[in-house]
Amino acid sequence: MATQIQDPPSLPSWDLSDLYSAVDDPKIDKDLQQAVEHARKFEETYAGKVGQADISSDDLLHALDHYERLLREQSRPGSYASLHYSTDTTDTARGALTQKVREIGSQISTHLIFFDLELAQLPLESFDRLLKDPKLAKYHHYLEQQRDLAKHYLSQAEETILEETANCRGRAFKRLFTEVTSRMKYKFNLDGEERLLTQSELLAYSYDPDRNLRKAASESLAAELQNNAHVLTFIQNTLLHEKQISDRLRNFEHPESDRHVSNELDKQVIDVMTEVCVKNFDIVHQYYDLKRRLLGLDSLAHYDRYAPLRSQKQEIEYEKAKELVISSFGRFSPKMQELVEPFFDKNWIDVPPKPGKRSGAFCAGVTPDHHPYVLLNYTGKARDVMTLAHELGHGIHDLLAGKNHYLDYHPVLPLAETASTFAETLVFEKLQELLENPEEQLALLCEKLEDTFATVFRQISMFRFERQLHDARRQEGELTTERINGMWQQAMQEMFGPSLELGPDDQWTWLYIPHIVNTPFYVYAYAFGELLVLALYARYRQEGESFLPKYFELLAAGGSQAPAKLLSTLGFDIASAEFWQGGCDLIRANLEKAKELADKQLG
Ligand SMILES: [Zn+2]
């Protein structure tokens, strides 16, 4: 159970008054009505003109400026409503405002929907002509993106049929997956009494110090997944087949190609990254060998993966956490400290857990010309300090990217976690220095390694599994549960090697992973983000001061360039194996440090 170390009122809440004064501020309505009116005028002026092959650069520039302004205008009331709601979801006035903004938002969208659709209809020659015109330089990236997507659109009539029937095809099966998996209850024997647990209640036992409970949780999970294997496999087969058809019609060469297009990455980059990760799987093998020794076990089973290495954890007061974050950022660069200070001084952070408040943490950017806000539920765990650093990293990214227009403000998915993960690394290093007890140091390091494995090697293993799954469906037709179980275990076992034996219970695990069903190939972006940060951090260690301007430039670019192009201007070649190896080397260095500490501890 989480202990409250400070009374909630003593922890700061955020101040939203630079958006609106209160939930009934008349300016909210005024701004919303104005946004609707502007959107209506926008449609009236530009609908039917944007998709004309001979549209002039001037006309398109006007339209884009107008469009960008509209999106910004609409964001302010929307951001206020959702931010205010998130700190008290039980307040009906806040709920009503959120709903109102959402409804007016849909009204605005109906006026704007034509824009991207018409752009996508432009012939490639028109795109080439427009992209060459320096007048449109500031929208270059946005237009390039639209052009790359346009290649894969079908005719408007076909797109309409697909959209209108989507809710009774793939989307229906995805919904069925969610409904089936969230209704599942798990039988669990606790102190001689059989209980029915939800999935999150059950999975919490995977982290229990008692090995018997961990084993029982794994058996219960497997039993319930097996009970539902028929329907879940059916859903999977249907979605695999649908994607096969869609990829053929839309001219996507490989099962993962559409994901690469939306991530603005070349297949070759991800293939190289994957190969490098596989070559470094021995880091995982060695780590679990070490964990086995630390747990004092003869062999490690799949249910020992998350076994805790320490029971008593030191608590950190918020003021201490704040100091730690500011000083770690400041040690990296005075500029970073300057950027983070207003979050504390101007109350851009909502810190305490409160009744009715949303759980978890986030950083919400509003528009390029307005600062972001951070929400926390701070309870004093070491993890909470890392979360504070993480969200403030996002905040700094948003502030720096504020020099871009709205369409280029948010970074693409693979770059979205750069600043947050980097900030965590800075604080982790400092936290490690502050811990005096070697046992605590080792435990923290092991937690960090396990987190890294979860974002890098596990995601890469899932990515390889997904590729194999799609290929197998395309070559062999409908797949049996046993066939998929086998592919899953092989992919996962390769990551663990001889250090840990995945027993028969583990073969069903793929059945409940939502990413595989909902967003195929999403997973590799996690590995990309984490390894990128490790590689950047390695460069920082090598280059020192001279790395800083490059780093800030990278963040300031926001979503204005595709990852490969952006990183190449900073001297990083993400198509090369060495780049990704740099990241893996840092994970290995942490492993070596852990081994050293463990050797001392185990004697
Ligand atoms: Zn994040």
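**Close-up 1. What covers the buried residues of helix 16 includes helix 15 (318-332), strand 3 (349-350), strand 5 (373-375) and helix 17 (382-401).** As in every view here, the model is a predicted one. Met336, Val340 and Phe343 are the residues to look for under this cover, being the buried residues of helix 16. They share the same side of the helix, because they cover an arc of only 30° around its axis. Turn to the face pointing away from that buried side and you will meet the exposed residues Pro334, Glu338 and Asp345.

**Close-up 2. Helix 16 from end to end, with the residue Asn347 that comes after it.** Twelve residues, 334-345, make up this helix. From its first C-alpha to its last, helix 16 reaches 16 Å, close to the 16 Å expected at 1.5 Å a residue. Do pause at Asn347, which follows the helix: its phi is positive, near 55°.

**Close-up 3. An open sheet of three strands, in the order 3-5-4.** The pairing in this little group of strands is mixed. Strand 3 and strand 4 (362-364) stand at the edges; each has a single partner strand, so one side of each is left without a neighbour in the sheet. Strands of a sheet pair through backbone hydrogen bonds, and they may do so either parallel or antiparallel. For strand 3 and strand 5 the arrangement is parallel, and two bridges join them. If you would like a residue pair to look for, try Asp350 and its bridge partner in strand 5, Leu375. Both of these strands have already appeared in the first view, where strand 3 and strand 5 are among the elements covering the buried residues of helix 16.

**Close-up 4. Helix 19 (residues 438-455) crossing helix 26 (residues 577-602).** The two axes come within 10 Å and cross at roughly 145°. Helix 19 passes helix 26 in a left-handed crossing. On the helix 19 side, the residues making the contact include Pro438, Leu442, Leu445, Cys446, Leu449 and Thr452. Helix 26 contributes, among others, Ile587, Asn590, Leu591, Ala594, Leu597 and Ala598. Charged side chains can be found here too, including Glu439 and Lys448 of helix 19 and Lys593 and Lys600 of helix 26.

**Close-up 5. Glu159 in helix 7 (residues 156-165).** Is this residue buried, exposed or partly exposed? Glu159 is partly exposed, because 13 other C-beta atoms lie within 10 Å. Leaving aside neighbours within four places in sequence, Glu159 is in contact with Tyr153 and Leu154.

Methods:
Residues numbered from 1 in each chain as written. Predicted model: local features only at pLDDT ≥ 70, side-chain atom pairs only at ≥ 80, totals over all residues. Helix = DSSP H or I, 4+ residues; strand = E, 2+ residues; numbered from the N terminus. Buried ≥ 20, exposed ≤ 12 C-beta atoms within 10 Å, placed from the backbone. Contact = placed C-beta atoms within 7 Å. Expected span 1.5 Å × (residues − 1). Arc of directions from axis to C-beta. Pairing = 2+ DSSP bridges. Axes fitted to C-alpha atoms, helices over the stretch in contact; angles between N-to-C directions. Left-handed = near helix turned anticlockwise from the far one by under 90°.
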